[in-house]
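Please open the structure in your viewer and keep the selection tool at hand. The tour below moves from the whole chain to a few chosen places.

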Amino acid sequence: MRTSRRVAIAVGSALLLLSSTVQASAAPSPEIMSIEQDLQQNDHTIGSQIRRVEGDTSTPDSKEKAARPQPEAGVLATVAGMDVASYQGNVDWANWWGQGKRFVWTKATEGTSYKNPYFAQQYNGSYGQGFIRGAYHFALPNVSGGAAQADFFINNGGGWSKDGKTLPGALDMEYNPYGATCYGLSQASMGAWIRAFHDRYQARTGRWPVIYTSTNWWNTCVGTSQNFGGTVPLWVARYASTVGALPNGWGFYTVWQYTSSPLDQNTFNGAYDRLQALANG
């Protein structure tokens with residue numbers, strides 16, 4: 001009887017230990033939980049709020065058309081590119097290189113607290129594959145000043161170096177994911193915020209930032225309060241067959257984000273040597 005009881009206790013203990021081991025192995029690691037939280041709370045990728053508000057009406061035909069040289073800018077060639085953020089995880093750069101992509105901007109920061117946990121793999125991995133790469137910052141103008149966010153961006157991957165493979169950092173200005181379209185700011189205040197970012201970025205890196213936006217958002221939230229056309233390359237978002245009217249202050253665009261499907265795709269408005277010139281300053 002005692003022998004049977006000891007066997008039963010031993011078996012029960014083993015099953016309990018096995019159950020605990022299985023439960024422990026099934027629990028996500030702190031790293032995975034952290035990344036999941038990031039995806040839920042900070043998945044504000046470039047263009048995500050433009051797509052939410054303005055929609056994506058791109059089609060196979062419009063995508064093909066966007067990749068052609070754009071007659072309104074008088075260029076003779078274009079270069080295919082893309083942009084990525086945390087939700088893409090570790091990117092297969094060889095795959096996208098094989099599909100003809102040659103430049104990329106990677107999300108680095110948002111506001112003054114968020115950093116992309118996949119930034120190193122995406123930013124350095126694209127460079128290693130041969131891409132001309134850059135970083136971008138998702139602006140939150142209602143949480144801190146433009147200069148402070150430029151500093152946070154530069155300090156966390158958004159700087160620039162004259163190595164022929166690094167694009168100037170991009171400032172992502174679009175609809176507020178948390179509330180009021182213009183973050184509760186007047187056109188004058190929004191323009192001043194962008195000017196502060198613009199000036200601090202140039203003072204620290206020697207380059208003016210690229211500005212990413214849509215015509216509708218810019219004309220609503222900035223209007224004619226500031227003009228950046230003389231210093232800043234324009235990266236415009238419009239998911240349609242043509243780029244359409246440009247934001248106030250610009251007579252031409254440098255990059256057009258023309259679709260968000262199956263991922264954000266961009267075309268550089270010029271030949272490859274002009275893309276290299278943008279990288280070199």
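A residue is called buried here when its relative accessible area is under 20%. With that cut-off in mind, begin with the whole protein chain, which is a predicted model and in which buried residues make up 47% of the 281 residues. If you colour the chain by secondary structure, you should find 10 helices and nine strands. Of the contacts between residues at least 6 apart in sequence, 69% join residues at least 24 apart.

**First stop: Pro 247**

Select Pro 247, which sits in the loop that runs between β7 (234-237) and β8 (255-259). Is Pro 247 buried or exposed? Its relative accessibility is 1%, so Pro 247 counts as buried, the cut-off being under 20%. Now show the residues around Pro 247: leaving aside neighbours within four places in sequence, its contacts are Thr 213, Ser 214, Thr 215, Trp 218, Asn 219, Leu 234 and Val 236. For one of these residues, Thr 215, you can draw a distance from C-alpha to C-alpha, and the viewer should give 4.4 Å to Pro 247, although the two are 32 residues apart in sequence.

**Second stop: Ser 214**

From Pro 247, move on to its contact Ser 214, which is found in the loop between β6 (210-213) and α9 (215-221). Ser 214 has a relative accessibility of 0% and therefore counts as buried. Show its side chain and look towards Trp 217, whose backbone nitrogen lies 3.1 Å from a polar atom of that side chain. When neighbours within four places in sequence are set aside, Ser 214 is in contact with Ile 50, Glu 54, Met 173, Tyr 175, Ala 237 and, as you have seen from the other side, Pro 247.

**Third stop: helices α7 and α8**

Finally, select residues 146-158, which form helix α7, together with residues 187-205, which form helix α8; the axes of these helices come within 7 Å and cross at roughly 40°. Because of that angle, α7 is oblique to α8, and the crossing in which α7 passes α8 is right-handed. To see where the helices meet, show the side chains on the α7 side, including Phe 153 and Ile 154, and those on the α8 side, among them Trp 193, Phe 197 and Tyr 201. Sorted by class, the residues in this contact of α7 with α8 are eight nonpolar, five polar and three charged.

Technical notes
Residues are numbered from 1 along each chain as its sequence is written. This is a predicted model: local features need pLDDT of at least 70, side-chain atom pairs count only at pLDDT 80 or more; totals for chains, interfaces and linings use all residues. Side-chain values use heavy atoms; hydrogens and water are left out. Helices (H or I, at least four residues) and strands (E, at least two) are DSSP runs, numbered from the N terminus. Buried means under 20% relative accessible area, exposed over 50%, partly exposed in between (1.4 Å probe, protein chains only). Contact means heavy atoms within 4.5 Å. A polar contact is a pair of N or O atoms within 3.5 Å; within protein, one must be able to donate a hydrogen and the other to accept it, and residues adjacent in sequence count only if both atoms are side-chain atoms. Axes are lines fitted to C-alpha atoms, for helices over the stretch in contact, and angles run from 0 to 180 degrees between N-to-C directions. Angles under 35 degrees count as roughly parallel, over 145 as roughly antiparallel, 65 to 115 as roughly perpendicular and the rest as oblique. A crossing is left-handed if the near helix is turned anticlockwise from the far one by less than a right angle, and right-handed if clockwise. Ala, Val, Leu, Ile, Met, Phe, Trp, Tyr, Cys and Pro count as nonpolar, Asp, Glu, Lys and Arg as charged, and the others, Gly among them, as polar.
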